[in-house]
Amino acid sequence: MFNIIKIAKFSFVALCLFAIATAHSASTVADKSIDLADSGRLFGADELAFPDSPNSLTTWLGQRSPAAKVNLFGGSYWLYADVRHSQATTEWVLDPNNTLIDRVEARIYAPDGSVQQLQTGYRHDHEFMLHYGKSMVLQPNVDYRILIKFSSPYFASNPRFEVLPTSSYRARVINDNVWILGCLGAVTALALFNIMLFASTRDKSALYYALYLIVFGIGWAFVFHIPAHLCGLRNLSLHYIPFFLTPVASALFCLDFLKLRQNFPRLAKLCVWAMVASLLLLPINFFAQKYAHIVASTVISLWLPLAIVCGLVSWRSGYRPARFFALAFIALLIPGALILPPNLGLMNDMIQNSELFTLVGGTVDGILLAFALADKIKLLGMEKDSYLMQLNHALKLAHTDSMTGIGNRHAFDLKFHQELKISFMEDDDHQPMLVLVDLDGLKLINDKYGHARGDDLLRAFAQALADLNIDHVLSYRLGGDEFAVLAQKHHAAIVREKMEAIDRSLS
């Protein structure tokens with residue numbers, strides 16, 4: 001079992017490696033990409049159609065009302081930008097990213113009057129797996145005018161619109177998809193394993209942990225549009241349901257795994273209230289869809305610190321598996337601290353690919369919770385072994401004469417009845433043999449030298465019986481100065497010889 005320092009290093013190194021890989025990939029592409037959101041102009045959208053030609057575009061733009069920024073509660077917008085590049089390639093991609101966007105339409109106006117039309121977004125089929133990118137042709141050293149209309153019931157963060165070479169974009173897509181599918185695959189495997197673990201052990205912690213992983217995996221599958229790719233499911237009302245259920249499943253796991261109801265009833269009440277709040281707010285996905293991402297982000301932002309406090313308090317009380325529990329939610333809080341404030345509109349995005357970064361943090365969280373469960377199973381195994389040792393010790397004491405250390409009357413009765421039951425199955429030489437022994441003179445020794453001296457005689461005789469060193473020969477003290485020896489018939493001669501030697505030594 002890993003110790004806490006190794007696990008902490010593992011979590012930190014995993015997150016850092018991903019950050020470095022993502023930063024390297026982003027910087028490689030950033031040298032060649034053009035961010036239209038930074039260089040372009042934003043307008044509030046209306047019902048007007050796109051201009052037919054570049055000649056009418058200037059007049060058309062003059063009639064639009066500028067917009068300061070994108071409202072996270074949804075809406076429709078125009079984005080206009082001039083684009084020119086000097087690279088050798090003519091194959092480029094327009095990539096709307098950084099948030100869910102329901103519909104995206106674009107027109108690329110060339111000086112020769114030609115117009116390229118693009119459609120992408122959540123409602124349209126994707127040219128690149130799990131991404132919104134659409135291919136287009138841009139000639140070197142030619143001034144293009146790009147007009148984009150985009151709309152969505154909500155925006156989880158400020159959208160970005162990048163223009164970059166197709167080769168660079170393919171590299172980005174491959175890098176992202178490897179991480180996305182790898183993380184979701186790991187989460188799915190852990191969930192299935194713990195469902196089977198619950199089926200065999202009936203441990204509710206394993207079941208709640210599996211449910212937590214399932215809702216977590218489904219939620220992030222929606223974020224990256226996997227249901228839309230696999231089965232054409234494009235219902236925005238379903239997107240945030242798993243994120244409202246995540247605190248519920250997580251709190252159930254927390255209550256059972258940390259035994260909060262027995263040990264920390266106040267924290268248990270807070271966890272129950274967190275579950276109730278999540279369930280009561282869930283219908284907002286259907287009745288006030290534009291607020292769903294803000295409310296879900298708020299609920300998760302409140303739940304994460306509570307889960308960490310529960311883990312730290314349980315750990316401090318001496319429950320060692322809680323250290324992995326606390327570390328798991330700390331691993332989730334690190335990317336959460338980067339993605340949740342922008343989701344709430346409190347600040348601009350601090351990193352690119354924040355959704356993927358959060359998915360990796362959630363996967364590390366799931367792995368650390370698996371360590372927590374493994375540590376709990378190990379602890380239960382140790383407790384079971386300790387209990388069995390205590391039970392065996394108690395049984396041994398119950399079958400042992402306290403003065404002499406050999407078997408007592410109870411042990412003799414059990415063994416004697418057992419031998420009688422199987423004696424008919426044995427041949428004549430292996431039939432059981434019983435030797436009854438009564439020590440003469442014990443009362444005289446007690447009267448003359450004291451009971452301590454008589455007890456010494458009993459212990460000496462019992463030790464001599466125990467040292468017969470013959471297989472299948474057992475000795476017992478029946479009470480007082482009465483002893484019994486259980487053996488087999490073929491031991492008769494050697495038992496008699498040993499008993500005579502004991503008698504001579506004691507005399």
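Biologist: Why is R172 called buried?

Modeller: Buried means under 20% relative accessible area, exposed over 50% and partly exposed in between (1.4 Å probe, protein chains only). R172 has 11% relative accessibility, so R172 counts as buried. Keep in mind that this is a predicted model: local features need pLDDT of at least 70, side-chain atom pairs count only at pLDDT 80 or more, and totals for chains, interfaces and linings use all residues. Residues are numbered from 1 along each chain as its sequence is written, and side-chain values use heavy atoms, with hydrogens and water left out.

Biologist: What makes E162 and R172 a salt bridge?

Modeller: The term asks for a side-chain nitrogen of Lys or Arg within 4 Å of a carboxyl oxygen of Asp or Glu. Here the closest N and O atoms are 3.1 Å apart, so the pair fits. E162 lies in strand β9 (residues 160-165) and R172 in helix α4 (residues 166-201), so the pair ties together parts 10 residues apart in sequence. Helices (H or I, at least four residues) and strands (E, at least two) are DSSP runs, numbered from the N terminus.

Biologist: Which residues are linked with that pair in a network?

Modeller: D95, E162 and R172 are linked in a network of salt bridges.

Biologist: Is E162 buried or exposed?

Modeller: E162 has a relative accessible area of 5%, so E162 is buried.

Biologist: And why is R84 called partly exposed?

Modeller: R84 comes out at 46% relative accessibility, so R84 counts as partly exposed. R84 also meets D143 in a salt bridge, at 3.1 Å from N to O.
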